[in-house]
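Work through the two exercises below with the structure open beside you, and try each task before reading its solution.

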Amino acid sequence: MKNLTFVVNEKEHTLEINPDEMLSDVLRYRLGLTGTKVSCGEAECGACTVLVDGDPILSCNYPAVKARGKHITTIEGLSEGEELHPLQEAFIKHGAVQCGFCTPGQIVTAAALLNEKPDPTDEDIEYALNDTLCRCGTYPMIINAIHAAADKINQGKLIEYPSFDFGGGHDVVGQVVPRPEAKEKVTGEAIYTDDISFPDMLYGATLRAGVPHGRVKTLDISKARELPGVQAVLTAEDIPGRLNHGLIIQDWPALVGVGQKVRYVGDAIAIVAADTQDIARQALDLIEVDIEPLPAVTDPVDAYKEDAPLVHESGNLLKHIKVNKGDIQKGFQEAEVVFEDTFYTPTYEHAFMEPECSIARVLEDGKVEVYVGSQIPYSDRDQVAEALGVPYHKVRVKGPLVGGGFGGKEDIVGQIHAALLANATGKPVKILYDRHESLLVHPKRHATQITVKLGLKKDGTLTAAQTELYGDTGAYASLGAKVMGRATTHSTGPYVVPNVKIDCYAMYTNNPPAGAFRGFGAFQAAFAIENMMDRVAEALDIDPIELRRKNALREGSITNTGQVLHDSVGLVECIDKTAQAVMKITAGEDPFLSRAVPGEPNKRRAWGFSVTFKNTGLGEGAPDNASAEIEILVDGRVETRISSAEIGQGLVTVLQQITAEELKLPLEQVNIYLSDTDLTPDGGPTTGSRQTYISGNAAKFAAITLRNKILSTLSEKYNLPPDEIILDKGLVHVNGRKLTFAEVRSLMKEEGHEPKLLYEYKSPETTPLGEPGDKHFAYSFAAQAVEVEVDLVTGEVRVVRAVGTTDVGKAINPLGLQGQTEGGLIMGIGHALTEEFIVEDGQVFTDYLSRYRMPSIHHVPDEIQVMIVEDPTSDGPYGGKGVGEISTMPVPPAIVNAIYNACGVRMNRIPVDQDWLAGEIAKEGR
Amino acid sequence: MNHFQEYLQPKSIEEALNDLSSATGSVAVIAGGTDLLLELRQGRHPAIERLVDVSGIDSLRDVRVEGDHIYLGAGVTHKEIISNPLLGEHARCVVEGCGLIGGPQVRNVATIGGNVAHALPAGDGTISLLALDTEVQLATAEGTSWEPLIEIFRGPGEVNFDRKKVLIAGFRFRTKDEKEGSAFQRVMRPQGVAIAILNMAAWLKIGPDGEIERTRISCGPAGPKPFRAYQTEKFLAGKKWDDGVYQQAAEILGGEVSLRTSAHRATKEYRHKLLPVLLQKVIEKAIHRANL
C-alpha cells in the first residue's frame, strides 16, 4: 500500500492505494466519481478520459500512483454548481448524447481541445477525438456541439437547438426537445449498473470453457473455495431451478456441469463470489476442470451436412424457414434473363460502450433484486426466477441506464449468475464483465451465406426470386430462428416479385451464439439483394435507381409473404428524394460513373445506391403488446411507467413527448419511469424497432384514457359538458378556474377516482409465415446513396458523402431521429469498412477491442444528408413507425456498389478487405 | 490481479538504474505504459514484480540543440514531440510519425523512448528516428554512451542490451541544414490492430543540381527488426528523382526488404504493393520540404 495525495476537481484527497490500482478505479470506486466510465479497459476507446494537470489521459490504464501531487479533472469537475460547462449545454442541445456512456469522455477530451484551440476546425476536432469512440455514432452531432460551445465561449453566442425540415405538426410531438436524461449524462451523474454499489457487496467472476466443443469430465472447486476472501464457488449442481435459459428455446445452460457438454468457448463452468474482484479472478485459476474435446463444427453450411458433429442432440438445424409465393418455375420461365450469385456477411459485435454488469441482492423478504442494463427486463426476471426455482414475483429486475445495446443486451449473461451467488452468500453480488469477457460471451450478429437468383424481363420487371440462406446461430438458439426469419422475408428486397421461393437454414454451430443485432437478419438480406440488384441493372443497362423504382413496393403491393400493403409505403418517395439530392450534388451528371479526383491520380470516386425496408415490431404471429401505467403524482407531475428499455435510442424522450402532448403538459411536468418489474408494467422487449410504436401507443392511449377520466370527473363535479373543460399548459381550465394537476389529483381522489390507471395496448394482429394474413403491421423504408473514394493502388476506401432518406411514418422526436439515423449510417460504414468479428475453429480472435475496430470520428463522411419521409401508418402513434434499425441496413450494399462503380470490382462479402481489393483492381488493370 | 507488486517512480537516471539492478525478481522499465502495462493487465505478458516508471525523471524530458545535433530525451511524450517547434523544424518525419500514434490521451503519456524500447519492427516513432540516422544514448551505472539506434535491435521486442542494467536515456540526430527534408507515411488496415501494415520514413538532402545528394530510408515491418534500406539509399544518392529512377528505386527496395504475410493484417503481396506507394510519397514530400 502506498499513500496517494492528489487533487480531484479542486479537492484534495489522501488515500491508501495498491501499486497496481488504475486511476479510473480509484476515482470510481474509492471516491465515488462514477462519471468517469470504463468501457474497454484497454486504452482503446477514450470513455475513461480525465485531465491530469489539464492534459487528457486514459484513466483505465494510468496507475493511480502516477497521479501523486497532480490535479485531476473529471466530468464532475467541469460544471460549476448548476452552471453547465458550455460543452455540456451544447451536447444536450445538439443531441450529441445518446446512450451517454461515452459522453463524459467525449466532453472531457473536447474540453482539453478547447483549452488548447479555442476555435477548432473540423479537422482539429477529428484529430482530438480520433480515439474517443461512440458506438451510437453521435460524431456528427458531437462536432456540431463542440463548434457551438466554442462559439459560446469565444463570442458569447447563445447555444440554440438545431432545426429540421421534418417533424412538427403538434405542440410537443414532432418538436425538437432535449433528452430528459441528457443533463445527468453530460454531468456524469447518470447511473449505469456498475455505478451502483451496496455495503458488503461481493464481486463475481465466471470460469469459461475456453474450448468450442467438449464434455466436462471432472470439475474440482475445492482449492478455489479455500482461497481467503472467497465466499462462494458454484457449479451446475448448485442451480436450484431450471438449468437452461433462453429467450425462446431454453437450450443454454447457465452453468455446464460434469458429464455435460460445452458448446462454445464462452460457456460458463463455475462462478465465484469473493470480497474483491481480484480474489474472485484468482479463485478461477484454482478451479480444476477437465474438458474432453469433441470435434467442433464452426460453419453453418458444414453444420447442415449429414456427418457434421452434433451441437445439440436434437440436431444442428435450429429451423428451416420457408417462403413460397406464386409458382417459382413459371416465374423463371417467364424471365428473359436470370442472375445468380452468393453473398457472405460475417459475424459482427455490438460493442456497446457499456460492458455487461449485473448486481443481485436478496431483500429481507427473500425477494431477489437484480440490477441490470437489459433490453428485456421482464424476460430477465422470468429467466432468473426459473433458474432460482422461485415464482416470478420473488424476483425484481430494475434497469439503471443502459450504455448501448443494439440487440446485444436481450439475452441472459450475468443476471442468473449474480442471483445464484447472492442467494448462496446472502450478500449483494456484482458481476461486471470486462471487454474481453463481453466480446467472448454475449450473442453476436449472425454470419450468413445468401444465394440470390433473380429472373427478370429485359425491361427490368422482376418475375421470380429464389433465395437460399444459411445463418450461423452459434451454440445456442437465442433469437436465431426469429433473426433468420427476418432475413428470409427480407431476402427478396422491398420489391414486388410475383413468384418467390425462399429456403433458410438457421444452423447451430460451435461458434459464439448469435442473436439480435440492429437490422435483425434483414441487414444481411439487404447486403445480398441490393448487391445483386446493381449487377442486374448493369447487365440490363438500366439505371440502378430506375430498376429499383420500377420494382418498388407501393401502396397496394403484395409482399413476398402475400401481405397487401395498405398504407405507409414511402419507398418511392425515399428513392426520388435521395436521387434528386444526389443529382443536385453531381450537377446532373451520372453519379454512378467513375470520376477522377483532382490532384490524386491514384484515386477514383463514384456513388452507389441501395434501398431497404424493415418491419416494425415482432410480427409473424408473436403477440406484440405493451402496458403503460399513468398517474398524477402528488406534486402535480404526471408519471408514465413502462418496463421498456432506454438504451440510448431516445424512448424516454418519445414517451415524455407523447404524454405531454396528450395532456397538454410542459415537458418538465412529465416523468417517465422505465424498467422496474415491480413498479412498471411490461412494455416488451426493446427489439424490432418496436418501442416508439408499441410503448408509444401504450403511453398515448394511457394518457388519453387519463385525460378522459379527468374530464369525466370534472364534468360530473362541475356539471359541465366535457368539451368545456380545457387542458392547456399544464393546467385544467374549468368554469373560469385554473386547476393544477395536483388539485385535479385531489379532486379525483375526493370523488373516489384513482388518479392513475393502467392501459394495455395490443398491436394489430399478425400471423405466422405460411398462414394467411399480415406478417407485420408496419414497415419502414429507406434509400441510401453514398459516394466513395477508392485508392486504386492501396485499395483504401473512404466514404466521402452519404445522402439518405427514411420513411418513418412520423418524426416524433426530430433531434433523436437525426442522431439515430446518422448513428445508424456510421455503424453501417463500420460494418462495411472496419468491423469483423473473427472466430477461427471456434476460438475468438477478436477478443479485445483493439482487434475489433468500430468506426471512429475519422470515418464520418465529409457530408451527410439525412432526409425524412413521413408517410403515416394508420395505427402508429401520430402515424409513426420503427426507425431504430433501418438506417444501418442499406449502407454496406450502397458502399460496395459505389466501390464497383469507382473501380470495377464486385464484392460478394464485407467488410471490404483493402488488401484483396487492391489485388483485384490490379487484375482488372484499371 | 497482481500484475506487478511494486511501482517505483525514480527521480533520476541513477536512481532508476539502481531500482533496476537491485531488483531481486523480474523488473522492467515503464514510461507511458501504453504498451507494457496493457500487456501485463491482459495477461499477455508474464507478471513483473517491479516496474520502474521513468516518466518522472526530468532529465529524460529535454529537447535541446547541442551543437550541430538535436538532443531528444527518451521520456519526451508524443504530445510534446508534435508540439515542439524545434522538432517541427529539424525532425519533421518524427513529428509526423508520432502524430499518427493514438489519440491525444495516448500521446500525452506515450514516450518516444517507450516506442523505441518496445523494439517492434514497425514502431512509427522508431522508424521515423531511423531516417534521421539517430543515435541512442544508453545509460548504465558506469555512465552513458552513444550508439547508432539501428544497432540496438535484436528481434521483435528484443534489444541488444541488458534491460536490467541499461536505460535508454535519449536520442540525437543532426540539425536540419539547407536543402534537407524528411517525411513519414504509413498505411493502416481499417480492421484490427492499430499497427501499420507498412510504414516508411525518408530523409534526404538535395544537391546543387536538384539531385538527391544523399538519402536515408527506413521502413517496417520489413524483417524482424526496424529496417534501413541501405541499398535503395545508395542507388538514389546522386540521382535526380524522376519516374525512371522511382521505378528502379522501388525495385531495389522491393528486393532488399523482407516482407511477410501476417494473419488478419496483410499479405506479403499487398505489402510489396504498398512499398513503392510509400516510397513515392515520402521521397516526394521530403524533396518538397527540402526545396522550401
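Buried area is the accessible area, taken with a 1.4 Å probe, that two parts lose on being put together, summed over both. Please keep in mind that this is a predicted model.

**Exercise 1.** Describe the contact between domain 2 of chain A and domain 4 of chain A, beginning with how much area they bury between them.

*Solution.* Begin by locating the parts: the domain assignment gives domain 2 of chain A as 202–294 + 353–404 + 409–441, and domain 4 as 625–762. The C-alpha centres of these two domains lie 38 Å apart, and their contact draws 15 residues from domain 2 and 17 residues from domain 4. Between them the two domains bury about 1,300 Å², with 49% of that area on carbon and sulfur atoms. On the side of domain 2, the most area is lost by A:Gln375, A:Tyr378 and A:Arg396, which together make up 43% of what that side buries. Finally, three salt bridges are counted between the two domains.

**Exercise 2.** Decide how helix α5 and helix α21 of chain A are oriented to each other, and find which residues meet.

*Solution.* First take the geometry: α5 (residues 139–155) and α21 (residues 814–833) pack at an angle of about 125°, and their axes are 8 Å apart. Next, classify the angle; the two helices are therefore oblique to each other. Then look at the contact itself, where A:Tyr139, A:Pro140 and A:Met141 of α5 meet A:Leu815, A:Gln818, A:Gly819, A:Glu822 and A:Ile826 of α21. Sorted by class, this contact has five nonpolar, two polar and one charged residues.

How values were computed
Residues numbered from 1 in each chain as written. Chains lettered and ligands numbered in written order. Predicted model: local features only at pLDDT ≥ 70, side-chain atom pairs only at ≥ 80, totals over all residues. Heavy atoms only, no water. Axes fitted to C-alpha atoms, helices over the stretch in contact; angles between N-to-C directions. Helix = DSSP H or I, 4+ residues; strand = E, 2+ residues; numbered from the N terminus. Parallel < 35°, antiparallel > 145°, perpendicular 65-115°, else oblique. Contact = heavy atoms within 4.5 Å. Nonpolar A, V, L, I, M, F, W, Y, C, P; charged D, E, K, R; others polar. Domains from an automatic or database assignment. Salt bridge = Lys/Arg side-chain N within 4 Å of Asp/Glu carboxyl O.
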